[in-house]
Amino acid sequence: MNLVIFGPPGAGKGTQSNLIKKKYKLYQLSTGELLRKEIKNKTDLGQKISSIMNLGNLVSDEVVGNLIENYISNDNFKSRLIFDGYPRNLIQAKNLDNLMKKYDQKLDIVLKLSVSLETIKKRILERKNLEKRADDNSEIAIKRYKTYESNIEPVIDFYKQSDLLKEVNGEASISEISDEISGLIDSIKGWL
Ligand code: ADP
């Protein structure tokens, strides 16, 4: 099965994806992680995108689309992907749909983690102390939240139409959220 997990920055997508990946033996495809790796390795792409990311803006749909196609087209990951941080706008949602068709796959569930702006601010500042991400300061975190909000509505509508969307309360504890997500995944028939 393939699943999408999305939510505002600091919603816990990465944490939950990590737990799901282990439990269901899936592969976690985090576009943010892939992009940070490019920056860390100082590749040509990394140099182009670092200022965009550090300002809290989205990297181009084309760049991120190419990155994910590399994984979707790889038989090792076939129908085993967690899309963590993709899609972030309607163009990306449609692109993902097309790629699923192109490689004879489908999405089985789309999880939306909902969290208030207050909680996000708190979590991101805590994370800054642990991970030292260049884009985790309060000003840029708020910018990322705004970027999220201004792009995500059409994505939500898009997945509501196909009946894949499940909303999860991201304010609960890590284990409560994880239990809720496992329940949703287990209720999808025929993939295990
Ligand atoms: P967060 O959701 O906490 O902001 P991510 O690691 O998911 O963290 O993303 C970090 C940054 O990576 C984003 O602010 C954006 O610049 C870039 N990015 C990640 N995924 C995408 C995507 N699908 N499209 C465009 N840019 C992306």
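The lining of the largest pocket comprises 16 nonpolar, 17 polar and 12 charged residues by class. The model discussed here is a predicted one. The volume of this largest pocket is about 1,000 Å³. Among the 45 residues that line the largest pocket, those closest to its centre are Pro9, Gly10, Lys13, Arg127 and Arg133. Six elements of secondary structure are listed as giving two or more residues to this lining: helix H1 (13-24), strand S2 (27-30), helix H2 (31-40), helix H6 (117-131), helix H7 (138-161) and helix H8 (174-186). Helix H6 provides the largest share of the lining of the largest pocket, with six residues.

**The ligand and its surroundings**

Where does the ligand sit? The ligand is found in the largest pocket. It is surrounded by 20 residues, and the closest of these are Lys13, Thr31, Asn57, Gln92 and Arg144. H2 contributes the largest share of the shell around the ligand, namely four residues. By class, the shell around the ligand consists of seven nonpolar, six polar and seven charged residues.

Particular side chains approach the ligand with polar atoms. The table gives the distance from a side-chain N or O atom, or polar side-chain atom, to an atom of the ligand.

| Residue | Ligand atom | Distance |
|---|---|---|
| Lysine 13 | Oxygen | 2.7 Å |
| Threonine 31 | Nitrogen | 2.7 Å |
| Arginine 127 | Oxygen | 3.3 Å |

On its own, the ligand has 540 Å² of accessible area, and the protein covers 97% of that area. Lys13 appears in both descriptions: it is one of the residues closest to the centre of the largest pocket, and it is also among the residues closest to the ligand.

**The second largest pocket**

The second largest pocket has a volume of about 220 Å³. Its lining is formed by Glu33, Arg36, Lys37, Ile39, Lys40, Ser50, Met53, Asn54, Arg133, Ala134 and Asp135. Which elements give two or more residues to this lining? They are H2 and helix H3 (44-54). The largest share of the lining of the second largest pocket, five residues, belongs to H2. By class, three of the lining residues are nonpolar, two are polar and six are charged.

Helix H2 thus recurs in this account. It gives two or more residues to the lining of the largest pocket, it supplies the largest share of the shell around the ligand, and it supplies the largest share of the lining of the second largest pocket. Arg133 likewise lines the second largest pocket and is among the residues closest to the centre of the largest pocket.

Methods
Residues are numbered from 1 along each chain as its sequence is written. This is a predicted model: local features need pLDDT of at least 70, side-chain atom pairs count only at pLDDT 80 or more; totals for chains, interfaces and linings use all residues. Side-chain values use heavy atoms; hydrogens and water are left out. On a 1 Å grid over the protein atoms alone, a cavity is a set of points where a 1.4 Å probe fits but cannot get out, and a pocket is an open set with protein on both sides within 12 Å along at least five of seven lines; lining residues have an atom within 4 Å of a point. Grid points are joined across faces, edges and corners, and a volume is the space filled by probe spheres set on the points. Ala, Val, Leu, Ile, Met, Phe, Trp, Tyr, Cys and Pro count as nonpolar, Asp, Glu, Lys and Arg as charged, and the others, Gly among them, as polar. A residue is near a molecule or strand if one of its heavy atoms lies within 4 Å of it. A polar contact is a pair of N or O atoms within 3.5 Å; within protein, one must be able to donate a hydrogen and the other to accept it, and residues adjacent in sequence count only if both atoms are side-chain atoms. Accessible areas come from the Shrake-Rupley method with a 1.4 Å probe; for residues, only the protein chains shown count as cover. A molecule sits in a cavity or pocket if more than half of its atoms lie within 2 Å of its grid points.
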